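Please study the sequence and the three-dimensional structure shown below. The report that follows is meant to be read beside them.

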Amino acid sequence: MTIRTLLSALVLLLAAPVLAQTDEFLPLTTPVDLATGEPDREVGELVFRGGVEIAPDKAGIGGISGLEWHDGRLYAVADDGRWLMLTPGDVQGRLVDVALVTLGPLLDERGRKLGDKDRSDAEAITRLPTGEWLIAFEREHRIWRYPSPDAAASGSEDGAAALIVGAADNGGVETLAAYDDGLLVCGEWVDPARPNCLRITPAGAQAFHLAAPEGVAEAGGVPTDAACKADGTCYVLFRSYNANEGNRAAIVELGADNGPKTLAVLAPPLTLDNFEGLAVREEAGRTFLYLVSDDNFRNCDGGERAGCQRTLLMKFEIKGTAPAPGAPPVIAAAPATKATARPGTRPFPEASHVDVVLTTDISDITIALETERAPVTASNFLRYVDEKRFDGTVFYRAMRLDREPKPNGLLQGGTQFDPKRILPGIAHEPTSQTGLTHTHGALSMAMGEPGSANGDFSIMIEDQTGLDADPAASDPVWRNGYAVFGYVIDGMDVVAAIHASPIDPAKGEGWMKGEILADPVTIISARRAPVQRAPEP
């Protein structure tokens, strides 16, 4: 079962050729814990903040070797010469999903694909303060510059050439991490007689040896990625493998003077795999680290088997600015903006519709029900209205997504499965059939599976088009998607105000904990709006 099923309301290359060969889709993911039954497990100086396993899916995702956080997304490269952009789905501060994957081929200086394994084995990625990107390759060892990951290479970075000399085919530069005034580069070895790291600054290049920390050194631990804060503080990921025990990982904090401090060693029986990517994210005084593993294109998808591996994406928070132990991580509501208050846009304004006014404790919300485009779902909602089944119900849930623009997420309300109010489930009308979509202001039916929707609904705050049906999806839940049946045409400021209401961190169970309003807002009444008749001539 995917995390989306659980949340149940969450949420092409040559002149234009580069775009012509990119692919964008919703991946199939499942939630994973670092330790079973311990959602906020602490290891050393790190606190686990959620994780997912990403299936290869239709694009054959795998071989991920580097990671970089930029502008709300995670960028990565893969061993088969592709770049990836992952849009994480965070709910109340926890990583619960990957909402979107965009990927495409890495290109050489002439805009061509890289070709065979020796030329295409990408291992590390970082973004320079100038906006340029650096990508490191092994086998045919080199570091290339890119204006953007989907563009043709624009040159090379030769400052680390001395580090690469003599590197084994499958043991070159695995670590690239840029910061305001420099670049950290490390190779995949730990021989004290041969420095494995280099800091490149305007003053020159400083080579040094970074030893594997205790806990991974015994199994041949080597640096495999890094990420730096603007001030030059870097976090280096080490990984090791022992045939008798499996994978281990360690994260070392490296001061500007290259002094190391081990933050955490991750070892069995924790959930681990071949971690090869690390990214740092700073937000509101807090520091988060993301780890991603390389499945070496031997994914366990379809069942565990000898030698199989997984693509895991995990999020950690460095202690010090984390909430006190036991405090639920709740994202504060972002203040509504003028943009948030804009009404929804009906994709087919000429289609027949019926307007309904929801009168709440705060003010009115007017919605246009798409009776022509989604007749089954809209008629069902109208039956609840006409039989006054919504009167006295509440808006009770505010899902606050941790992404721009903020506020972002959805507001949920309705009958909450009250047996005295709900009607039998209705036939599912997928967006691929109706042409409607989960854009800002859309109303969508909450459900567990197609045919189970009854009297609970959600209102989108900003676009949540990942909830639309995707006929090509491998997961039947996302093949069907969720049913849009209307749009808020007046009162999105009221929706935003309710969404920003205080949360009670103790309310809710399971994945809804930390999303329930402390004081639910009552839907006093739901009535058809008076029909506006044209004046007689």
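This report describes selected strands, disulfides, a helix and two individual residues.

## Basis of the description

The structure is a predicted model, in which local features need pLDDT of at least 70 and side-chain atom pairs count only at pLDDT 80 or more, while totals for chains, interfaces and linings use all residues. Residues are numbered from 1 along each chain as its sequence is written, and side-chain values use heavy atoms, with hydrogens and water left out.

Helices (H or I, at least four residues) and strands (E, at least two) are DSSP runs, numbered from the N terminus. A residue is called buried under 20% relative accessible area, exposed over 50%, and partly exposed in between (1.4 Å probe, protein chains only).

## Strand S7 and its neighbours

Strand S7 covers residues 82-91, and 10 of its 10 residues are buried, so this strand is largely enclosed by the rest of the structure. Its residues point in two directions: Arg82, Leu84, Leu86, Pro88 and Asp90 one way, and Trp83, Met85, Thr87, Gly89 and Val91 the other way. The residues of both groups are all buried.

Two strands are said to pair if DSSP finds at least two bridges between them. Strand S6 (residues 73-78) pairs with S7 in the antiparallel sense over four bridges. Within this pairing, Leu74 has Leu86 of S7 as its bridge partner. S6 and S7 form a hairpin with three residues between the strands, where Gly81 takes a positive phi near 80°. S7 also pairs with strand S8 (residues 94-105), again in the antiparallel sense, over 10 bridges. Here Leu84 stands opposite Leu103 in S8.

## A buried lysine

Lys315 is found in strand S23, which spans residues 311-318. With 0% relative accessibility, Lys315 counts as buried. Contact means heavy atoms within 4.5 Å. Leaving aside residues up to four places away in sequence, Lys315 touches a number of residues, including Val47, Phe48, Arg49 and Gly50. Asp90, described above as a buried residue of S7, is also among the contacts of Lys315. Others among them are Arg281, Phe288, Leu289, Tyr290 and Asp402.

## The disulfides

A disulfide is a pair of cysteine sulfur atoms within 2.5 Å. How many disulfides does a search of the whole structure find? The search finds three disulfides, and they are listed in the table.

| Disulfide | S to S distance | Torsion about the S-S bond |
|---|---|---|
| Cys186 and Cys197 | 2.1 Å | 110° |
| Cys228 and Cys234 | 2.0 Å | about 100° |
| Cys300 and Cys308 | 2.0 Å | about 95° |

When the bonded cysteines of the chain are numbered in sequence order, the pairing is 1-2, 3-4, 5-6. The link of Cys186 and Cys197 is right-handed. The torsion of Cys228 and Cys234 is about 100°, so that disulfide is right-handed. The disulfide of Cys300 and Cys308 is likewise right-handed.

Are these cysteines buried or exposed? Both Cys228 and Cys234 are buried, and both Cys300 and Cys308 are buried. Cys186 is buried with a relative accessible area of 0%, and Cys197 counts as buried at 0% relative accessibility.

## The sheet of S13 to S16

An open sheet of four strands has the order S13-S14-S15-S16, with antiparallel pairing. Strand S13 (173-179) and strand S16 (204-208) stand at the edges, each with a single partner strand, so one side of each is left without a neighbour in the sheet. S13 and S14 pair in the antiparallel sense over six bridges. One of the bridge partnerships joins Tyr179 to Gly182 in S14.

## A buried loop residue and a helix

Ala374 lies in the loop between strand S25 (364-369) and helix H5 (375-386). At 0% relative accessibility, Ala374 counts as buried. Its C-alpha atom is separated by 5.9 Å from that of Thr434, although the two residues are 60 residues apart along the chain. Not counting residues up to four places away in sequence, Ala374 touches Glu429, Thr434, Leu436, Val484 and Phe485.

Helix H8 covers residues 492-499, and six of its eight residues are buried, so this helix is largely enclosed by the rest of the structure. The buried residues of H8 are Met492, Val494, Val495, Ala496, Ile498 and His499.
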